[in-house]
Amino acid sequence: MHAALNAYASPTWKIIPRNALMDTAANTWCRTPGHVEYIGIAETVLDHVAVFLNKDPLQVRENNLAPGGDTGPNVVKDSILPLLKEKASIDIRKMEVQQFNQ
């Protein structure tokens, strides 16, 4: 499943997609069925890992981003996440939350 080749490194994940027959017609067609569901599952797993390890969820995500390689650079890791962290002032906000919680 190519959705597994997303932003996160997942060489040890065993993903076996299955089809399910439903008694109702699909209400929408999409070009890549399963991708949204896969991304949701990956994000949920990473959230659970962060809670279990008592770590910052963003740090767990960053630690699990794929390095890039044969398929090209990891755009999320190299461009999108750094820009998002800067524009949203993530580090400043984390520091403010820590100060408030003391």
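In this predicted model, Ile41, Val45, Val49, Phe52 and Leu53 make a nonpolar patch of about 510 Å² on the surface. Ile41 has its place in helix α1, which covers residues 35–53. With a relative accessible area of 54%, Ile41 counts as exposed, because the cut-off for that word is over 50%.

**The chain as a whole**

The chain contains 4 helices and 0 strands, and its pattern along the sequence is α-α-α-α. Of its 102 residues, 17% are buried. The accessible surface comes to about 8,800 Å², and carbon and sulfur atoms account for 59% of that surface. Among contacts with a separation of 6 or more, 52% are between residues 24 or more positions apart.

**The core**

Which residues make up the largest nonpolar core? Ala7, Tyr8, Tyr38, Ala42, Leu46, Ala50, Leu58, Val60, Leu65 and Leu81 do, 10 residues in all. Two elements, α1 and α2 (57–63), each give two or more residues to this core. Helix α1 provides the largest share, with 4 residues.

**The aromatic pair**

A search of the whole structure finds 1 aromatic pair. Its members are Trp13 and Tyr38, in a tilted arrangement with 6.2 Å from centre to centre and 50 degrees between the planes. Trp13 belongs to the segment before α1 and Tyr38 to helix α1, so the pair ties together parts that are 25 residues apart in sequence. Are the two residues buried or exposed? Trp13 is partly exposed, at a relative accessible area of 32%, whereas Tyr38 is buried, at 8%. Tyr38 is also one of the residues of the nonpolar core described above.

**Salt bridges**

Side chains of opposite charge can pair when their charged atoms come close. The structure holds 4 salt bridges in total, including the three in this table.

| Salt bridge | Distance, N to O | Helices | Separation in sequence |
|---|---|---|---|
| Arg61 and Glu43 | 2.5 Å | Arg61 in α2, Glu43 in α1 | 18 residues |
| Asp47 and Arg61 | 2.9 Å | Asp47 in α1, Arg61 in α2 | 14 residues |
| Lys85 and Glu62 | 3.0 Å | Lys85 in α3, Glu62 in α2 | 23 residues |

Arg61 meets Glu43 in one salt bridge and Asp47 in another. Glu43, Asp47 and Arg61 are thereby linked in a network of salt bridges. Arg61 is buried, with a relative accessible area of 14%. Its two partners are partly exposed: Glu43 has a relative accessible area of 24%, and Asp47 has one of 34%.

**Lys85 and its surroundings**

Lys85 lies in helix α3, which spans residues 75–87. Its side chain meets that of Glu62 in a salt bridge, and this pair links distant parts of the chain. Lys85 is partly exposed, with a relative accessible area of 22%, and Glu62 is partly exposed as well, at 23%.

What does Lys85 touch, leaving aside residues up to four places away in sequence? Leu58, Glu62, Ile90 and Asp91 are the residues in contact with Lys85. Lys85 and Leu58 are 27 residues apart in sequence, and their C-alpha atoms are 10.0 Å apart in space. Leu58 is also one of the residues of the largest nonpolar core.

Notes:
Residues are numbered from 1 along each chain as its sequence is written. This is a predicted model: local features need pLDDT of at least 70, side-chain atom pairs count only at pLDDT 80 or more; totals for chains, interfaces and linings use all residues. Side-chain values use heavy atoms; hydrogens and water are left out. Patches are made of residues with over 30% relative accessible area and no salt bridge: like charges are joined within 9 Å, nonpolar side chains (Val, Leu, Ile, Met, Phe, Trp, Tyr) within 5 Å. Accessible areas come from the Shrake-Rupley method with a 1.4 Å probe; for residues, only the protein chains shown count as cover. Buried means under 20% relative accessible area, exposed over 50%, partly exposed in between (1.4 Å probe, protein chains only). Contact means heavy atoms within 4.5 Å. A nonpolar core is a set of buried Ala, Val, Leu, Ile, Met, Phe, Trp, Tyr and Cys residues joined through side-chain atoms within 4.5 Å. Rings of Phe, Tyr and Trp (its six-membered ring) pair if their centres lie within 6.5 Å; planes under 30 degrees apart count as stacked, over 60 as edge-to-face and the rest as tilted.
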